Amino acid sequence: MSSGLRVGLLIASAIALLFVILNVKNKRLNIKYSIVWILWAILSLLMAIFPETFYMFSMLIGIELPVNAVFLIMIGLLYALTFYAYMM
């Protein structure tokens, strides 16, 4: 991952995390909905700081490219959100 991409991802993740925290603080976003967004922003921050972990994770589960592992995680998150919304 190039340095510019890492810096851009760090900035975008930090802004997303601050945006969610401020919306919870101002009571525009319910805490139970914000947990997923906070976890996703933290995961993005970790991916920007330690990109090697996603290479190791993709090798561990047998996926050739780390970007495909990120897509797999995103699809799992969408399934979880859909299930959670269905249960409410």
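## Burial and surface

In this predicted model, 20% of the 88 residues in the protein are buried. The accessible surface comes to about 6,700 Å². Carbon and sulfur atoms hold 76% of that area.

## Fold and dimensions

The protein has 4 helices and 0 strands. Along the sequence, the pattern reads α-α-α-α. The C-alpha trace spans about 40 × 30 × 15 Å along its principal axes.

How far apart in sequence are the residues that meet? Take the contacts between residues at least 6 apart in sequence: 54% of them join residues at least 24 apart.

## A nonpolar surface patch

Eight names make up a nonpolar patch on the surface: Val7, Leu10, Ile11, Ile15, Ile42, Leu46, Ile49 and Phe50. Together they offer about 680 Å² of accessible area.

Which elements give two or more residues to the patch? They are helix 1 (3-25) and helix 2 (31-49). Helix 1 provides the largest share, with 4 residues.

## Leu10 up close

Leu10 belongs to the nonpolar patch and sits in helix 1. Is Leu10 buried or exposed? Neither label fits: Leu10 is partly exposed, because its relative accessible area is 32%, while buried means under 20% and exposed means over 50%. The value of 32% also clears the patch cut-off of over 30% relative accessible area.

Notes
Residues numbered from 1 in each chain as written. Predicted model: local features only at pLDDT ≥ 70, side-chain atom pairs only at ≥ 80, totals over all residues. Heavy atoms only, no water. Buried < 20%, exposed > 50% of the residue type's maximum accessible area, 1.4 Å probe, protein only. Contact = heavy atoms within 4.5 Å. Areas by Shrake-Rupley, 256 points an atom, 1.4 Å probe, with all protein chains shown as cover. Patch = residues over 30% accessible without salt bridge, like charges linked within 9 Å, V, L, I, M, F, W, Y side chains within 5 Å. Salt bridge = Lys/Arg side-chain N within 4 Å of Asp/Glu carboxyl O.
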